[in-house]
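User: Could you walk me through a few features of this model? I would like the cut-offs along with the results.

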Amino acid sequence: MSLNAAGAISEHTVPSEKALSTSDKSLDGQGDIESATFDADSEEGVLSNERDIATHVISVDDDPSLNPWTFRAFFIGIGLSTFGGVLAEIYYFKPQTVLVSLMFLAVVSYVLGVFMETFIPRRGLLRYLNPGPFNKKENAFIVIMASASANSALGTEVLAVQRLYYNITPNAGASVFLLFSSQLLGMSIIESVIEPGVHIPLPGTLLYPSKMLYPIVLPLLSMFDALYEGGMAARKKLRVFYIVFTAIFFWELFPEWIFPLLTGISIMCLAVPNNAAVSRVFGGTNGNEGLGLLSICFDWQYISSGVNPMVIPLKAQLSQLLFYENGTQYNQSLILNSNYEVDPTLLAEQGVPYYSSTWIVYLLSSNLGLAATFTHLLLWNLDDMRSAWSWMNLSSIKQIWANFDWNWYFVVFLLAFVIALVVLYKTNSTLPWWGFLISLLLATISILFFGALSAITGFGFIIQPFVQMIGGYLHKGLPVANMYFVLYGYNTVTQAQLLLRDLKIAQYAKLPPRAAFTAQILGTLLGAVLNFVMMNSIIDNQREILLSVQGTNIWSGQQPQMYNSQAIAWGGLSHELFSAGQRYQWVPWAYVIGLFIPVPFWVIHRYWPKLRADYLYTPIIAYFIGWLCVGINSSILSYFSVAFFSQWWLRTRYPRWFAKYNYIIGAALDGGTQVMVFILSFAVQGAAGTSHLFPAWWGANQGGNYDHCLMLN
């Protein structure tokens, strides 16, 4: 289970900037996955490790004649970035959180690229719009730019909470620069040392070794190969892609609109429709209905809502508000003074707030999983962790400083760093400069551990509660300071992980590093501006709905509500709620307990390896114990059924078929689903303002839960 990354890194030679400027080489690794060869027609055994998957599923060939620097690529990229940035912020204020997927962006960009290639003449000035056949590197460039934009910036969450709950409207210019600095810091921290000229092992450990598979991008690259490679094998894969894409596109009409019972068929709910206990345990087709135990889901949107079960290796596989004791919503404004600090006298009058029990279970389990990550990686991957920090000695630091190449990423880091400090004091954030530095140090350390876990397994941990705890104990009684501490301590990690994912796409697609940099910067900056504009527009028009507990079927303030509640609980009341002897003391104690969870499984695998305890990723198991506290849960059984069918049965019984078609089918399922869901969202589900439900019938129980379980108040 050890990554053996030290050897992989020692063999990897990062090309110099000079070499890149002359040959425009791709971002790849010599001696690693890009150098492997595979005969597609040979009889192969089971794909037993990450190197096998990377070299057998994805093409390792590079065509240096393909040019990503075309007007067409920028034109489509900026257009899709605009679309993605707006859509991501709209989805942020929806009752069911939806993400703009890579597959959706890739499919749309391919269609637009082929359209421009086919219908725009190649004569005169129009030849700049159509320089030739639309190629894979152009497509990868567009996807990286659009995906950098199609994420709701966490900074808008801070600004939204200030507007909704503190009646603070920061200056527009300061707000935009806040978004710029918070979005770019994660990118620049990791990239200031990954660019050619200096090779610090931290980013190399997270990007180049074959173990760092990034399974979430494999369907995308498999689809690229099918779309752009010639030959009979590629045409067969492309035909399979089109058939599956079309089939799932039309199928999603049924569970999403015509026949929503298909979201989760529960035999128990159909047999006992009026039992509250049955609804809590077996119901799961509607938001916050129940645990969804044994429900069977036929809606790929929910089966693949987090990560595609055909992608992740098998071994990897509520209300969040504060309340008074009587169950009514807690009024935080009654415990804050004019400086937005917790006033002990006012707190004594109102009393300490309560969380819902399901949210506490989520906090406990996520804390167990987060702490287990550190122990798990140190036990199983100690050599990789050691290599990642081998540069931390005096002689190495002197050598790095002497040879440092002041590249664009480092310049971006300095600019983002200075802008962040200025904004923190201009917006009265109450976060001191030393707290900002600690948040960045915490983010840098977290990137190593959680970046590695995400790269290996495809699962990304939400470390926001951990960062909020640290910030709460550092800045007691300052909820606004806690929000900004989390912004730079947590969002930096998230942005770094997205950056590494995009760099892996560039590595697999043989896209030049400067092209990846350009796409990321343009997409990030454009997305931040659009996020800010849309956030203000939605808050101006939907303020009362966003402040309500339930919201509507169109708009919801669930995410800013959660962020604000956590800021009040950790930033303002950490000692009163979570310290030893207090009501929720076991929430922080879960970090200590979680450190010991992986140890028994490591001992079992060391002495009894045939038991395959290495397949038990204890951080993920612990983390997802509390995952059913909110949302639609009817897809769990179907998710794991698909995962076992794909990653065990197909992979072990039909390895050649698995290598050729598994990931391309996963890509088609995601792409077709996302396109239809997007169309239905605006056509009939209310994204444009008015919803048009399908007429009620047995398969569309519009007056209650779709699975016919009892609707609880």
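User: Are Cys 269 and Cys 709 buried or exposed?

Analyst: Happy to help! This is a predicted model, where local features need pLDDT of at least 70, side-chain atom pairs count only at pLDDT 80 or more, and totals for chains, interfaces and linings use all residues. Residues are numbered from 1 along each chain as its sequence is written, and side-chain values use heavy atoms, with hydrogens and water left out. Buried means under 20% relative accessible area, exposed over 50% and partly exposed in between, with a 1.4 Å probe and protein chains only. By that scale, Cys 269 and Cys 709 are both buried.

User: What is the handedness of the disulfide of Cys 269 and Cys 709?

Analyst: A disulfide here is a pair of cysteine sulfur atoms within 2.5 Å, and Cys 269 and Cys 709 have an S to S distance of 1.8 Å. The torsion about their S-S bond is about -70°, so this disulfide is left-handed.

User: Which helix supplies the largest share of the lining of the largest cavity?

Analyst: On a 1 Å grid over the protein atoms alone, a cavity is a set of points where a 1.4 Å probe fits but cannot get out, and lining residues have an atom within 4 Å of a point. Helices are DSSP runs (H or I, at least four residues), numbered from the N terminus. α6 (136-149), α23 (479-509) and α24 (513-547) each supply at least two lining residues. The largest share, five residues, comes from α23.
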